Amino acid sequence: MYLNTRTSRRLTLATSVGLSLALVTGCSSDNKDSAQSETTTTTAAPTEQASATPRLAVSYDGGVLVLDATSLDVVGETEIDGFTRLNPAGDGRHIMISAGEAFKVLDTGTWSSAHGDHSHYYTADPAMSEVEFAANEPGHVVRHAGKTVLFNDGSGLVEIFDPIQLAKRQPRVETYTTPEPHHGVAVALADGSLLTTTGNSESRNGIAILDADRKEILRNEQCPGVHGEAVAAGEAIVLGCQDGLLVYKNGAITKVQSPDAYGRIGNQAGSEDSDVVLGDYKTDPDAELERPQRVSLTNTTTSELKLVDLGTSYTFRSLGRGPHGEALVLGTDGAIHVIDPNTGVVTKKISVIDAWTEPTKWQEPRPALFVEEHTAYVTDPASKKLIAVDLEDGNILTETTLDHAPNELTGVTG
């Protein structure tokens with residue numbers, strides 16, 4: 001295991017990677033240590049707003065759109081070649097884009113700046129940042145405990161930084177390299193320790209816990225095919241296995257067994273308001289494409305695992321959590337299934353789009369669910385639509401038709 005600390009990153013101009021937006025330096029904040037610095041890479045002077053302005057990012061074949069989360073108006077667009085993955089950077093402003101051989105950074109152009117007992121809110125044109133994290137196989141992006149962690153599958157390099165510093169353009173980055181590269185994930189914990197998966201290019205089998213000096217203090221290798229992660233109440237970290245899950249909580253690792261010999265949980269959605277983690281659930285190890293109709297609910301306090309039959313299939317972009325910790329699943333029947341995480345009862349079905357079929361290749365567009373506060377956003381690639389739904393009353397708030405078939409969907413709070 002290796003540890004080193006970097007104080008600077010290689011900066012690459014967006015023009016050198018074929019991005020369409022120009023980059024300039026805007027106004028700087030008189031309070032650079034506030035929750036959101038006013039330093040900006042956008043092309044126009046910021047406009048002060050009365051309140052925070054959430055924005056969405058939608059990928060398509062050839063680029064990324066940025067939209068106002070309330071009106072769904074497109075406020076910016078950038079061209080990026082190839083397949084991209086989108087993740088919030090963790091500061092309410094930037095988006096991490098996994099593309100090619102790097103984690104790129106998109107400034108969505110919305111932020112707040114704390115001034116004593118109040119905040120000021122700003123918007124500007126979205127733009128690509130100059131900051132770029134080189135990675136030959138950019139993988140998972142995890143946000144927790146005020147840190148953002150990038151995992152490079154091709155090298156095993158883990159990069160940890162404070163996302164607030166992205167507005168200053170040069171995050172101080174701590175790095176750790178796993179003993180062998182693999183398709184993995186890492187989570188920075190509140191006490192300074194680090195959770196990382198274990199494995200190699202052939203197989204993955206568990207997790208290791210490293211202290212603040214990156215010395216291993218705990219390990220569990222009872223998790224074949226370890227994949228994905230979620231955080232529940234009480235900083236319970238959950239990772240999926242081909243036969244259940246591993247839960248790291250209060251300094252101990254617990255294995256939760258699936259009711260089936262092969263009961264794979266590979267994608268999860270957690271909520272800090274709930275002890276329960278929502279996960280997918282697959283039972284056919286030989287399926288080229290399994291279309292499961294059951295989801296898993298795992299209580300991180302009692303280690304109880306429940307299965308809920310939805311009567312419809314779903315995909316890895318279908319899972320979310322509501323404002324009260326409720327479990328949400330976008331089914332191929334076109335409805336959001338609202339599940340009580342404690343009882344497993346489906347309490348409501350919200351019809352949003354037409355029925356759809358999961359494509360055979362995981363990179364191909366399929367409807368996606370993203371939740372921010374009391375609003376669920378759903379994409380429909382077939383009609384090129386984006387729909388906003390009020391989770392409290394189930395009503396459609398607004399919708400728009402995009403110029404491109406949407407693929408991935410995420411957002412920032414501003």
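**Exercise 1. Glu 79 and its charged surroundings**

Task: Find which strand holds Glu 79, and name the residues of the negative surface patch.

Solution. This is a predicted model. Start with the strand: Glu 79 sits in E5, which covers residues 74–79. Then turn to the surface. Glu 79 belongs to a patch of negative charge there, together with Glu 77, Asp 81 and Asp 403.

**Exercise 2. The nonpolar cores**

Task: Determine which residues touch the most other members of the largest nonpolar core, and which elements give two or more residues to this core.

Solution. Step one: the largest nonpolar core has 16 residues. Those that touch the most other members are Leu 195, Ile 207, Ile 237, Leu 239 and Tyr 248. Step two: the elements giving two or more residues to this core are strands E18 (204–210), E21 (236–241) and E22 (244–249). Step three: E21 gives the most, three residues. Step four: another core, of 15 residues, lies apart from this one. Its members include Leu 328, Val 352, Trp 356 and Ala 376.

**Exercise 3. A buried ion pair**

Task: Characterise the salt bridge between Lys 104 and Glu 132. Are the two residues buried or exposed?

Solution. Begin with the count: the structure holds eleven salt bridges. In the one between Lys 104 and Glu 132, the closest N and O atoms are 3.5 Å apart. Next, place the partners. Lys 104 is in strand E8 (residues 102–107), and Glu 132 is in strand E11 (residues 127–134). The two are 28 residues apart, and the pair links distant parts of the chain. Finally, check accessibility: Lys 104 and Glu 132 are both buried.

**Exercise 4. Two bridges that tie the chain together**

Task: For the pairs Lys 255 with Asp 243 and Asp 260 with Arg 294, give the N to O distance and the places of the partners.

Solution. Take Lys 255 and Asp 243 to begin. Their side chains form a salt bridge, 2.9 Å from N to O. Lys 255 is in strand E23 (residues 252–257), while Asp 243 is in the loop between E21 and E22, so this bridge ties together parts twelve residues apart in sequence. Asp 243 has 15% relative accessibility, so it counts as buried. The cut-off for buried is under 20%.

Now take Asp 260 and Arg 294. The closest N and O atoms of this salt bridge are 3.9 Å apart. Asp 260 lies in the loop between E23 and strand E24 (268–269), and Arg 294 lies in strand E26 (residues 294–299), so the pair ties together parts 34 residues apart in sequence. With 28% relative accessibility, Asp 260 counts as partly exposed. Arg 294 also counts as partly exposed, at 30%.

One further step concerns shared partners. Arg 85, Arg 317 and Glu 408 are joined into one network by salt bridges that share partners.

**Exercise 5. Positive phi**

Task: Arg 214 has a positive phi, and so has Ser 303. Where does Arg 214 lie, and where is the place of Ser 303?

Solution. Arg 214 has phi near 65 degrees, a positive value in a residue other than glycine. Arg 214 is in the loop between E18 and E19. Its relative accessible area is 8%, so Arg 214 is buried.

Ser 303 likewise is not glycine, and its phi is near 65 degrees. Ser 303 is in the loop between E26 and strand E27 (305–309). At 31% relative accessibility, Ser 303 counts as partly exposed.

**Exercise 6. Contacts across the sequence**

Task: Give the C-alpha separation of Val 226 and Asn 205, of Gly 266 and Cys 241, and of Phe 161 and Arg 172.

Solution. Work pair by pair.

- Val 226 is in the loop between strands E19 (216–220) and E20 (227–232). It is buried, at 0% relative accessible area. Its C-alpha atom is 5.9 Å from that of Asn 205, 21 residues apart along the chain.
- Gly 266 is in the loop between E23 and E24. It counts as buried, at 0% relative accessibility. Gly 266 and Cys 241 are 6.5 Å apart, C-alpha to C-alpha, and 25 residues apart in sequence.
- Phe 161 is in strand E14 (residues 157–161). It is buried, with 1% relative accessible area. Phe 161 and Arg 172 are 6.1 Å apart, C-alpha to C-alpha, and eleven residues apart in sequence.

Notes
Residues are numbered from 1 along each chain as its sequence is written. This is a predicted model: local features need pLDDT of at least 70, side-chain atom pairs count only at pLDDT 80 or more; totals for chains, interfaces and linings use all residues. Side-chain values use heavy atoms; hydrogens and water are left out. Patches are made of residues with over 30% relative accessible area and no salt bridge: like charges are joined within 9 Å, nonpolar side chains (Val, Leu, Ile, Met, Phe, Trp, Tyr) within 5 Å. Accessible areas come from the Shrake-Rupley method with a 1.4 Å probe; for residues, only the protein chains shown count as cover. A salt bridge is a side-chain nitrogen of Lys or Arg within 4 Å of a carboxyl oxygen of Asp or Glu. Lys and Arg count as positive and Asp and Glu as negative; His and the chain ends are not counted. The place of a charge is taken as NZ of Lys, CZ of Arg, CG of Asp or CD of Glu. Helices (H or I, at least four residues) and strands (E, at least two) are DSSP runs, numbered from the N terminus. A nonpolar core is a set of buried Ala, Val, Leu, Ile, Met, Phe, Trp, Tyr and Cys residues joined through side-chain atoms within 4.5 Å. Buried means under 20% relative accessible area, exposed over 50%, partly exposed in between (1.4 Å probe, protein chains only).
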